[in-house]
Amino acid sequence: MNTNNNIYTVVYTAVIVIIVSAVLAFASSSLKSKQEANEKAEVISQILTAGKFGEKAEWTAKGNDAILSFYKENIAEAYTVNAAGEKVKDLDVTNAQVYTVSDLKAQNYNIKDGNDTSLPVYVFNNGTVVVPIYGGGLWGPVWGYIGFAADRNNIIGAYFDHASETPGLGGKIKDDPAFRQMFEGKRIDFSDVTPFAIVKGGANGKANAIDAISGATMTSNGVSDAINNWINAYKGFLSSAKDCCGEHEGEHCGDCENEGQHEAHEGEHCGNCENEK
């Protein structure tokens, strides 16, 4: 065979390309399930951190199996809601179905464009409710999770992540526990123009505000905008918990047999409150 003619060169090159493509396709297929498992575990570890079920680093150290096992044992229900706070569909908790960052990005477009939304809600056995947020920081997307008490108003925890914020500055939304801790004990106030604010120069003790990160104004503003855009999109859902005990808005009513499990009556009067309006 003449290895110097053009036909040989073309055939040889085509065979090599086919072999390399097949190897790469096989490798990609083999790794896909592991990549998906890692992505799911990462999302759930962030949700658990926001819900005050442990710290992110602790969950990462425990590994995927421990994360998924704890989640499945402690999640009561997960579902999506529309702008009115009505349930759209259930998420498969037996398989730990969650919204990935790319899913949040898609819903963020819907929120910004005023389209129909299907936003995820994670409700745990102890009444904790966790919802995500997504938006833009200084250099790229930022996202995270807000953990609420069963009243869906008082914040018990938060966790944030980013694609490319500046280490030591905007990166503190993820790396600095002190930033996340400022959210604890705060609350959402829909009567305010900004339901929740991250304020440069100090929150001055406001119940629905925290201090911005020094030297990271743009990232702080991005997180603040993301929180408010998504919290407003969740307004129908977050406000519906108050319907159960209208006289005690924003608090556990103490007269509900199902206190701490308002999710079972989402968007409805629970019928078990002596003080139901």
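What share of the contacts in the chain with a separation of 6 or more is accounted for by residues 24 or more positions apart? The share is 54%, where contact means heavy atoms within 4.5 Å.

This is a predicted model, in which local features need pLDDT of at least 70 and side-chain atom pairs count only at pLDDT 80 or more, while totals for chains, interfaces and linings use all residues. Residues are numbered from 1 along each chain as its sequence is written, and side-chain values use heavy atoms, with hydrogens and water left out.

**Overall composition**

The chain has 8 helices and 8 strands; these are DSSP runs numbered from the N terminus, helices being H or I with at least four residues and strands E with at least two. Of the 277 residues, 44% are buried. Buried means under 20% relative accessible area, exposed over 50%, and partly exposed in between (1.4 Å probe, protein chains only). The chain exposes about 13,700 Å², of which carbon and sulfur atoms supply 51%; accessible areas come from the Shrake-Rupley method with a 1.4 Å probe, and for residues only the protein chains shown count as cover.

**Core and helix α3**

The largest nonpolar core comprises 59 residues, and Tyr-71, Tyr-122, Phe-160 and Phe-183 have the most contacts inside it. Such a core is a set of buried Ala, Val, Leu, Ile, Met, Phe, Trp, Tyr and Cys residues joined through side-chain atoms within 4.5 Å. Beyond its neighbours within four places in sequence, Tyr-71 is in contact with residues including Ile-44, Leu-48, Val-98, Tyr-122 and Phe-124.

In helix α3 (residues 64–74), Tyr-71 is buried together with Ile-67 and Leu-68. These residues cover an arc of only 90° around the axis, which puts them on the same side of α3; the arc is that of the directions from the helix axis to the C-beta atoms. The face turned away from this buried side carries the exposed residues Asp-65 and Glu-73.

**Selected residues**

| Residue | Helix | Relative accessible area |
|---|---|---|
| Val-20 | α1 (residues 6–50) | 43%, partly exposed |
| Lys-40 | α1 | 27%, partly exposed |
| Ser-220 | α7 (residues 217–233) | 1%, buried |

Not counting residues up to four places away in sequence, Lys-40 touches Leu-68, Asn-95, Ala-96 and Val-98. The C-alpha atoms of Lys-40 and Gln-97 are separated by 8.0 Å, although these residues are 57 residues apart along the chain. With the same exclusion of residues up to four places away, Ser-220 touches Ile-198, Ala-212 and Ile-213.
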